[in-house]
Amino acid sequence: MIPGDPHHTKTFSEKATRHFILFVVGDEPNSRLARQNMECLCQRADTAIEWELVDVLKDFQTALKHDILATPALVQTAPGPGLTILGNLNDMDRVLGVLGLREPAA
Amino acid sequence: MTETTRAQPIPKTATHIRGLDEILEGGLPEGQITAVIGGPGSGKTVLGLEFAYRSALAGEPCIFVSFEERAQVLRRNAMAMGWDLKSLEEADKLFLMDSRPSPDMIRAGDYNLNGLLAILEGKTAAMGAGRLVIDSLDVILRIFEDSVKQRDQIYYLVDWLNEKGLTAIITARSIGENDNLTNHRFLEFATDCLIKMDFRVSGQIATRRLRVVKYRGSSYGSNEYPCIITENGIFLLPISTMGLQQAELGPCISSGQTDIDETLGGGYRRSASILITGSAGTGKTTLLSTFAQAACRRGERVLFINFEESIAAMTSAMVSVNIDLQPYLNDGTLRMLTAMPESMGAEKHFFQAFKAIEQFQPDHVLVDAISATLRIDTRQAAFEYLMRLISTCKERGITSLLSNQLGTSHSVIDEISGLGISSLMDSLLLLRYVSHGPDIRRAFLVIKSRGMAHSSKYHEFTITDNGIRITGPYDISFQAAADQAEIDSPVKARRQKWGDQE
């Protein structure tokens, strides 16, 4: 379990904390990219984020429970209902938009 | 391969699907991938599911990855075929992985099937599973947007399966998705065994067919085999794999009428196949019923397959010639199977008969009349139906007594041969009308009867209210010359031919 970036200094809006699981497979390129992008996402989001990392090679049961097919996959676990984003999260703007985490306009 | 190289048989995994292992000459290639490609409704999911079920049942853990159907639907469909998946799942012998891709999946960047493979890796290890079914590949490939990526995923999957040495079935849909063609080609190329299934409707009758297209390192039945999905799963009974060696004929058994027995040289032979050909009204059904009654009276079980009339119509007609079959229907020595030929496909007809033979274990099977099987579908389908029915009887030492109605459109010689099955017949009987001065009478001729010193003369007979009675030999010189030329000479020619064979 890797905690979310603890060094954020931003003040968040009143929105509830988001909980995510990022599913990856070992250290293959897309999984590595996804981890980096997830850290970046936490910095750019306007809401507090808690996330854990699941390596399916080490914990397939959790992946099964969340119906994981393709990886990397980001699953929002709370607040529900769950939402799944497929891919290495390179398209950051799209991720922020879809999750409604877009940073407020400066 | 040179001629001196001795082929090493590759290890195989039996599917325990009826007929399929015979076609595959033992089963699927062990530790290899078999692709099953077919259109919608062709039965590929059932084939995969049956493989998974029968594997699990035999104690071989299997994972069924379903991209298409909910696990719940699979369980229900399986239950309809008497397969209790739930208890196998509870025993950890079967795992139904409900992996239908969500329609509202959001994509943001690159991804691949590694997650799925990692899950399968964990699960196969946890269960000790050596078998896997993936149904169907094209559904999961749809989550990838371009064909290059799709092909990459097939490659990863095939590579992973090979590395793990799993015995796997991958199904893929084939119809109307031309953009999948290259993927299918790739799958075909990358797998060791390829089975194609299809579903056709002709003349309102649906038939499924299965064909093994390739099998690396093994020979296989390469025909297209009709198959049906029954209440017990897939059913294939390949005609070409059935042993056609003639079973030894049993002792003489009475035809039910002593004077007929005499012309036959003592009666029919047990386990023989007997074909009775004649025009409408010459007494074929009476001859069959006479035998049925006599056999039932001896306590032998008779299965009567009737394509012509209902049970009630037939039994009441026979009462008028003093043959009462009702008591034997009541006490279960006689079983009737009636079906309009047009009501279903040849496969279903055959399966019904086969099921009845397996359950009822008859001593004798009677069919009235094989000419009606032409109405099922094509001539070829009728031929295959009969061929398989006769072979099934022969294998089990069951006597088969078949009637064949002479029509007017085909040549007599063609029809006497009974749709071309005469080479399988041990005895051939001909019933016909003969002119006797101004009268028309019935006559009876034993054309051939293997292993019997039978009469070679026409015998006149009448159907009395006490059954069939032979009245004496018929003098062929009564017959008009033209009639003789038409009927008698081909019969003689035939007799000559059969004589040569014996």
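These legends walk through several close-up views of a predicted model with chains A and B.

**View 1. Chain A, with its helices and strands.** Welcome to chain A, which has three helices and four strands. Following the sequence from start to end, the elements come in the order β-α-β-α-β-β-α. Of the 106 residues in this chain, 48% count as buried. If you look at contacts in chain A between residues at least 6 apart in sequence, 71% of them join residues at least 24 apart. The surface that chain A exposes is about 5400 Å², and carbon and sulfur atoms supply 52% of it.

**View 2. Chain B, with its helices and strands.** Here you meet chain B, whose secondary structure comes to 16 helices and 23 strands. Chain B has 502 residues, and buried ones make up 56% of them. For contacts in chain B between residues at least 6 apart in sequence, 71% link residues at least 24 apart. Chain B has an accessible surface of about 20600 Å², with 49% belonging to carbon and sulfur atoms.

**View 3. Helices H5 and H7 of chain B.** This close-up pairs helix H5 of chain B, residues 114–127, with helix H7 of chain B, residues 147–164. Their axes come within 11 Å and cross at roughly 20°. An angle under 35 degrees counts as roughly parallel, so H5(B) is roughly parallel to H7(B). The crossing of H5(B) past H7(B) is right-handed. On the H5(B) side, look for B:Leu117, B:Leu120 and B:Glu121; on the H7(B) side, the contact is made by B:Tyr156, B:Leu157, B:Trp160 and B:Lys164. Sorted by class, this contact of H5(B) with H7(B) has five nonpolar, no polar and two charged residues.

**View 4. Helices H13 and H14 of chain B.** Next comes helix H13 of chain B, residues 346–360, which packs with helix H14 of chain B, residues 379–395. The angle is about 10°, and the axes are 10 Å apart. That angle makes H13(B) roughly parallel to H14(B). H13(B) passes H14(B) in a right-handed crossing. From H13(B), the contact includes B:Phe350, B:Ala353, B:Phe354 and B:Ile357, while residues from H14(B) include B:Tyr385, B:Arg388, B:Leu389 and B:Cys393. By class, the contact of H13(B) with H14(B) has nine nonpolar, two polar and two charged residues.

**View 5. B:Thr263 and its contacts.** Find B:Thr263 in helix H9 of chain B, which covers residues 258–263. Its relative accessibility is 5%, so B:Thr263 counts as buried, the cut-off being under 20%. Setting aside neighbours within four places in sequence, B:Thr263 is in contact with B:Phe444, B:Val446, B:His454, B:Ser455, B:His459 and B:Ile470.

**View 6. B:Asp363 in a loop of chain B.** The last stop is B:Asp363, found in the loop between H13 and strand E18 (364–368) of chain B. With a relative accessible area of 25%, B:Asp363 is partly exposed. Not counting residues up to four places away in sequence, B:Asp363 touches B:Arg270, B:Glu300, B:Arg301, B:Gly397, B:Ile398 and B:Thr399. For a sense of distance, B:Asp363 and B:Ala313 are 50 residues apart in sequence and 24 Å apart in space, C-alpha to C-alpha.

Note on methods: Residues are numbered from 1 along each chain as its sequence is written. Chains are lettered from A and ligands numbered from 1 in the order in which they are written. This is a predicted model: local features need pLDDT of at least 70, side-chain atom pairs count only at pLDDT 80 or more; totals for chains, interfaces and linings use all residues. Side-chain values use heavy atoms; hydrogens and water are left out. Axes are lines fitted to C-alpha atoms, for helices over the stretch in contact, and angles run from 0 to 180 degrees between N-to-C directions. Helices (H or I, at least four residues) and strands (E, at least two) are DSSP runs, numbered from the N terminus. Angles under 35 degrees count as roughly parallel, over 145 as roughly antiparallel, 65 to 115 as roughly perpendicular and the rest as oblique. A crossing is left-handed if the near helix is turned anticlockwise from the far one by less than a right angle, and right-handed if clockwise. Contact means heavy atoms within 4.5 Å. Ala, Val, Leu, Ile, Met, Phe, Trp, Tyr, Cys and Pro count as nonpolar, Asp, Glu, Lys and Arg as charged, and the others, Gly among them, as polar. Buried means under 20% relative accessible area, exposed over 50%, partly exposed in between (1.4 Å probe, protein chains only). Accessible areas come from the Shrake-Rupley method with a 1.4 Å probe; for residues, only the protein chains shown count as cover.
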